[in-house]
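Reader: Hi, I'm new to this one. Can we go through it together, one short question at a time?
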Amino acid sequence: MHTETKDHAELATVFNKDEARVDWHDETLWWIRQKRDKAVNHLPEWELLRETASQIKDNVLSNLAGYLVQFEGNAQKNGIIVHWAADAAEHNNIVLGLLHSKGITKMVKSKSMLTEECHLNEYLENNGIEVIDSDLGERIVQLAKEPPSHIVLPCIHKKKEEIGDLFHLHLGTPAGNADPQFLTETARQHLRETFLTRRAALTGVNFAVAETGEFVVCTNEGNADMGAHLADIHIASMGIEKIIPKRKNLGVFLRLLTRSATGQPITTYSSHFSKPRKGTEIHIIIVDNGRSKQLGREDFRNSLKCIRCGACMNTCPVYRRSGGHSYHNAISGPIGAILAPNLDMEKYADLPFASTLCGSCSNVCPVKIDIHQQLYKWRQVIVQNGYAPAGKKAAMKLMSLTLSSPAAYHMGGKAGRFVMKYAPFAVNNKLNPWYKQRDMPEPPKESFGEWYAKNRKA
Amino acid sequence: MNVGLFIPCYVDQFYPGAAIATLQLLEKLGVNVTYPKNQTCCGQPMANSGFEHLTGGCNELFVKNFAEFDYIVAPSGSCVLHIKEHLHSREHEADAASISSKIYELSSFLTDVLKVESLPSKFPFKVGVHQSCHGQRGLHLSQMSELVAPPFSKPDSLLRMVKGIEIVPLNRIDECCGFGGTFCVAEEAVSAKMGKDRVEDHLNHGAEFITGVDMSCLMHMEGLLNRRGSKVKVIHLAEILNAY
Amino acid sequence: MTTREQILDAIRANQPALTALPGVIIPADNIDLQAKFTETLTTIGGKVIKAQGYDDVIAYIKNITNAGHRIISSIAGLAEVISTGEASPLPHSLQDTELAIIKAHFGVAENGAVWITEDQLSQRVLPFICQHLIIILNADDLVANMHQAYEKIGNEHYGYGTFIAGPSKTADIEQSLVLGAHGSRSMTIFLIS
């Protein structure tokens, strides 16, 4: 889906044209939120776990350089080769370089939102490398030539009939077959051949342990393991913030991650990689790409605590009714809205405003990121940096003047009510966005202030 | 105690009934209430739109009007939260800080300060209670469904004191209505859809009235109800509690 | 300046003041570990069979397989049912494995997962590439939760280790749960006591 208009409100309006589909999308994600609720309520210590994870991540951010160096040293001792990439371009170059050095032209990938952020697939394809995404949801959006719409559930926006059509077109399944069991079996066979023939596998990193130099990859499908254990070279891409201090911290994070994401107690596979298989290589690419800059932003650095569970998206009433693609960014939803402006404030100026600041996100976040507070603060930064639309600026200035003066406020209020009462067409029309789907409130005969003056003496 | 009555700008202009009910209710409970006539707005519409830097005038006016009171009470969770988190004054920061600690949304004032245990109110109708987000998650007026924590609700416990009232259950007990300040027009499609879904939940459970602590949420839902020709009315919590 | 130095310098300049790691101990309930483990694993699509020893396992395997099935295991006590054939250094040689039987170190009651390390595997890919997976677990080797799991693992130096909780699965197609994605289609645990 190519979006020319890169504005959440416009994209959300398009999304809302099909109300039945919005209901379907909203109910699906709300159901996942409910599964999360059911799972977390089994743990009376849930809030303690969140607080613990939050403090561990605070400690990580306060000693990030130290932990990264410790991780690197321990990983290297185990025979893992460590690379550093300042930005997306450098990351992509390193991946390409590694493939070229081995004469490899085909690679299998498991889910890595970091590589989405770096647009790795596109880069590799442009450089003659075939990349196959092995996570079923990612494979589906890859076939559809779309980006994933959710960081954990890549094709949550797609109906099974649409997936059936894609498989019919690209994988030769019978037309009209939309049975999830059958389609999954088809993907299993199709991707098995891929796993068995690819010499290079790229995975993400859920957690990197500084104390031991190991890293953990969590999947339900087993695709990361199938790729890595059959390849000659396993490349693992990680953001600098994926570090945790000690192996035992995994106990906290693995209890929080999947319950928050899907309501499962744990993913089917939580694989810990320390050393490469004999005769093969493991390469880790540690990527900055704007993270160290975000680390320096006092109000926003906590966004780097994110463990990419997606709970904020599932709970967000705006996300559920606008879809991940309306955020026009690799990471969508509430967490995307506080990460993206750091990367490009102009391009993502709309995202922090795609919210009612209801606060649900902050309260499902397993690491207690103050997401809704950061959304508010980003709004101030964006406006201060000149990215508010001109009309809005003028309206706000006028509002400020009116509301700072009791006389102006009283006059304005009275005038407004007068217009609404005697010339309702002035506001009850297409130019008034409120009026599109809502009636305006009835103007009362007097304001409370006027009533008070008459009925209570000062 | 001297209580200053803070009435949100849109309540003053469009829903004076909610303000009158708040005033009368407090007076009936023996509170000495004054309404400073030169108040305007808390500044939230500008601040939430990214223009917090333009709220200085509003802030100074607010401090000037309310510094003298022992408590400030408002029939709004959202406005009270905003004052608590964002009121500052160039010249009178101590007053601003003091106001932030003394300002209460109505239902929390009744439960936490006046410690109301019974009311002679009567409202024999089926009522859906909307848990407005800023009051709920910001001021902790009620427990939020996201947390693993014991349930409670200050607005609900006050409503249960009212004779004849039947509080209807809901599918989603604390989902946002979609008003969100300027969001309601800037993201009209999503805002209206969120409101429609909220209203639908109440209607599906037979609510005759929808109530809550924030007139802004109720105004948004009222607009949707009226557009679909529904007979269901919105009513502020104060008006139900004051029904005697 | 290398990229590494550049990044580390930027981080050092921007990181906040040091805060301490929390020293919180999460209390564990006194629960019936076997019951909880069995209940949880069953809910997530696994199967639990109580057994006295390898005889029970062998009988079960004979029942569910036939002569054509390739059965792989490094457990000596199961030699009777393990397929013969030269061991190949290539993991790809395991692609026609119908059934793999692996011994796990321990299980975790709260999530039905078992912990397996490289030394229990002829190849890392074995528990993923097989069509069906059987795990042998001593009923005494159960812990309540992941905190206890990592206490048990301690400082062990494994090249590779994994928690496996049930058969592979996906719900990517309209949230319909399908068992058998890319890993094993089924997972059966023999709890030996």
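Reader: Let me start with strand S11 of chain C. Why is S11 largely enclosed by the rest of the structure?
Author: Keep in mind that this is a predicted model. Strand S11 of chain C covers residues 186-192. Five of its seven residues are buried, so the strand is largely enclosed by the rest of the structure.

Reader: Which strand is joined to S11(C) by five bridges?
Author: Strand S1 of chain C, residues 47-51. S1 and S11(C) run parallel. For one matched pair, take Ala51(C): its bridge partner in S11(C) is Ile192(C).

Reader: And which strand pairs with S11(C) over seven bridges?
Author: That is strand S6 of chain C, residues 132-138. The pairing is in the parallel sense. Here Ile136(C) has Phe190(C) as its bridge partner in S11(C).

Reader: What is the mean pLDDT of chain C?
Author: The mean is 95. In chain C, 99% of the residues reach 70 or more.

Reader: And the complex? What ipTM does the predictor give?
Author: An ipTM of 0.98. The pTM is 0.97.

Reader: Switching to the chains. Which pair of chains has the most contacts?
Author: Chains A and C, among the two pairs that touch. There, 68 residues of chain A are in contact with 59 residues of chain C.

Reader: Which helix gives the most to chain A's side of that?
Author: Helix H3 of chain A, residues 46-62. H3 gives nine residues to the side that touches chain C. By class, that side of chain A has 30 nonpolar, 23 polar and 15 charged residues.

Reader: Which strands of chains A and C are joined by bridges?
Author: Strand S9 of chain A, residues 269-273, and strand S8 of chain C, residues 160-164. Five bridges join them, and they run antiparallel. Within this pairing, Ser271(A) stands opposite Thr162(C) in S8(C).

Reader: Now A and B. How many residues of chain A are in contact with chain B?
Author: 63 residues of chain A, against 59 residues of chain B. The largest share of chain A's side comes from helix H19, residues 390-404, with seven residues. By class, that side has 34 nonpolar, 18 polar and 11 charged residues.

Reader: How far apart are the nearest C-alpha atoms of chains B and C?
Author: They are 16 Å apart. Chain B and chain C do not touch.

Reader: OK, inside chain A. What domains does the assignment give?
Author: Domain 1 is 43-289 and domain 2 is 396-455. Taken over C-alpha atoms, 54 Å separate the centres of these two domains of chain A.

Reader: What is the strand order in the six-stranded sheet of chain A?
Author: The order is S1-S10-S7-S4-S2-S3. The sheet is open and its pairing is parallel. Strand S1 (81-85) and strand S3 (130-133) of chain A each have a single partner strand, so one side of each is left without a neighbour in the sheet. The twist averages 25° from one strand to the next.

Reader: Over how many bridges do S2 and S4 of chain A pair?
Author: Three, in the parallel sense. S2 covers residues 106-109 of chain A and S4 covers residues 200-203. Look at Lys109(A): its bridge partner in S4(A) is Leu202(A).

Reader: Chain B next. What is the strand order in its four-stranded sheet?
Author: S2-S1-S3-S4, in an open sheet with parallel pairing. Why are the edges bare on one side? Strand S2 (32-34) and strand S4 (103-105) of chain B each have a single partner strand, so one side of each is left without a neighbour in the sheet. Neighbouring strands are turned by 35° against each other on average, direction ignored.

Reader: Which strand pairs with S2(B) over three bridges?
Author: Strand S1 of chain B, residues 2-5, in the parallel sense. Asn2(B) stands opposite Asn32(B) in S2(B).

Reader: Last topic. What are the domains of chain B?
Author: Domain 1 is 2-113 and domain 2 is 126-241. Their centres, taken over C-alpha atoms, are separated by 22 Å. In chain B, 26 residues of domain 1 are in contact with 22 residues of domain 2. Several helices of chain B each supply at least two residues of domain 1's side, among them helix H2 (16-28) and helix H5 (77-86). By class, that side has 14 nonpolar, 11 polar and one charged residues.

Conventions: Residues are numbered from 1 along each chain as its sequence is written. Chains are lettered from A and ligands numbered from 1 in the order in which they are written. This is a predicted model: local features need pLDDT of at least 70, side-chain atom pairs count only at pLDDT 80 or more; totals for chains, interfaces and linings use all residues. pLDDT is the predictor's confidence in each residue, from 0 to 100. Two residues are in contact if their C-beta atoms, placed from the backbone, lie within 7 Å. Ala, Val, Leu, Ile, Met, Phe, Trp, Tyr, Cys and Pro count as nonpolar, Asp, Glu, Lys and Arg as charged, and the others, Gly among them, as polar. Two strands pair if DSSP finds at least two bridges between them. Axes are lines fitted to C-alpha atoms, for helices over the stretch in contact, and angles run from 0 to 180 degrees between N-to-C directions. Domain bounds come from an automatic or database domain assignment. A residue is buried if 20 or more other C-beta atoms lie within 10 Å of its own, exposed if 12 or fewer, and partly exposed in between; C-beta atoms are placed from the backbone.
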